[in-house]
Amino acid sequence: MTEPSPADVDRFIIEKLLAADPVLDAVLAENAAAELPAIDVAPNQGKLLHLLARLSRAQRILEIGTLGGYSTIWLARALPAGGRLVTLELESRHAEVARRNFARAGVREAIDLRVGPALDTLPKLADEGGAPFDFVFVDADKPNNPAYVEWALQLARPGATIIVDNIVRGGRVVDANADDAAVVGTRRLFEQLSAQSRLDATAVQTLGLKGHDGFLIGIVR
Ligand code: SAH
Ligand code: DHB
Ligand code: MG
């Protein structure tokens, strides 16, 4: 046998531990047909988010960066009856695909999808003064990660879970000379978190279908 790759191991995990899911398969097919970038979380990562939301007993979830709604559907399925998920997306073209996918997955009622730059929709959410969020997943434009985590801390309750995707990016996060705005933004996020104590956080590297990347995971103090 040739040396198994990290992607082979992801496929093994998915085959053994994830139920066949024609709805999520159709969501990915719909995203591909609409020519959305294939940058959704991997299936085993989607299930990780789902399990973490259940472990958090999340009733109100905030997601920043919807794309076609693949991660959104994994998270919405973690909600109890009457739970709500607000998801923020810049591109109306992505949002249209996501709306169709939410209907297909039977989660439309639980989801409040807001279109526009998240730095505009987040202050509006704050102004509305709704109940605080129990769980936040940050997965939009990486240069704004420091600002998104600030907003997450403002909108979440103490004890809430905050997750940030793509915080390793092939290991480039450790490059102090990086000029890629995404890496610079994520490095700034790490600086911000080491300098303040509102988020009790760690980060885990992941290797698999999405290459070498990782999640930052924290609990609001
Ligand atoms: N969470 C999704 C993937 C999101 S990809 C999943 O795993 O299935 C990142 C998304 O963030 C893209 O759809 C992109 O259009 C959106 N985005 C980029 N800049 C944004 C901004 N300023 N505000 C809100 N969304 C943004
Ligand atoms: C990109 C964005 C993501 O959220 C991701 O999971 C992978 C890649 C990107 O912008 O390249
Ligand atoms: Mg991502």
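A polar contact here is a pair of N or O atoms within 3.5 Å. Keep that cut-off in mind as we walk through this structure, which is a predicted model, starting with ligand 1 and then moving on to the pockets.

Which side chain has an N or O atom 2.8 Å from an oxygen atom of ligand 1? That side chain belongs to His94. Because the cut-off is 3.5 Å, this pair at 2.8 Å counts as a polar contact. Two further contacts involve nitrogen on the ligand's side. The side chain of Asp139 places an N or O atom 2.9 Å from a nitrogen atom of ligand 1, while Ala118 uses its backbone instead, with an N or O atom lying 2.9 Å from a nitrogen atom of the ligand. On its own, ligand 1 has 580 Å² of accessible area, and the protein covers 91% of it.

Now let's step back to the whole shell. Ligand 1 is surrounded by 21 residues. His94 and Asp139, which we have just met, are among the closest, together with Gly65, Ser71 and Glu89. Sorted by class, the shell holds 10 nonpolar, 6 charged and 5 polar residues.

Where does ligand 1 sit? You will find it in the largest pocket, which has a volume of about 560 Å³. This pocket is lined by 29 residues, and those closest to its centre are Ile39, Gly65, Asp139, Ala140 and Asp141. Gly65 and Asp139 may look familiar, since both are also listed among the residues closest to the ligand. Helix 4 (70-76), strand 2 (84-89) and helix 6 (118-128) are the elements that give two or more residues to this lining. As for its chemistry, the lining divides into 13 nonpolar, 9 charged and 7 polar residues.

There is another pocket to visit. The second largest pocket holds about 180 Å³ of space. Its lining is made of 16 residues, with Arg60, Leu125, Gly130, Ala131 and Phe133 nearest the centre. Which elements each supply at least two residues of this lining? They are strand 2, strand 3 (111-115), helix 6 and helix 7 (145-155). Helix 6 makes the largest contribution, with 3 residues. By class, the lining of the second largest pocket has 8 nonpolar, 5 charged and 3 polar residues.

If you trace strand 2 and helix 6 in the model, you will be following elements that help to line the largest pocket and also the second largest pocket.

How values were computed: Residues numbered from 1 in each chain as written. Chains lettered and ligands numbered in written order. Predicted model: local features only at pLDDT ≥ 70, side-chain atom pairs only at ≥ 80, totals over all residues. Heavy atoms only, no water. Near = heavy atom within 4 Å. Polar contact = N/O pair within 3.5 Å; in protein donor to acceptor, adjacent residues only side chain to side chain. Areas by Shrake-Rupley, 256 points an atom, 1.4 Å probe, with all protein chains shown as cover. 1 Å grid on protein atoms, 1.4 Å probe; cavity = no way out; pocket = protein on both sides within 12 Å on 5 of 7 lines; lining within 4 Å. Sits in = over half its atoms within 2 Å of the grid points. Nonpolar A, V, L, I, M, F, W, Y, C, P; charged D, E, K, R; others polar. Points joined across faces, edges and corners; volume = space filled by probe spheres on them. Helix = DSSP H or I, 4+ residues; strand = E, 2+ residues; numbered from the N terminus.
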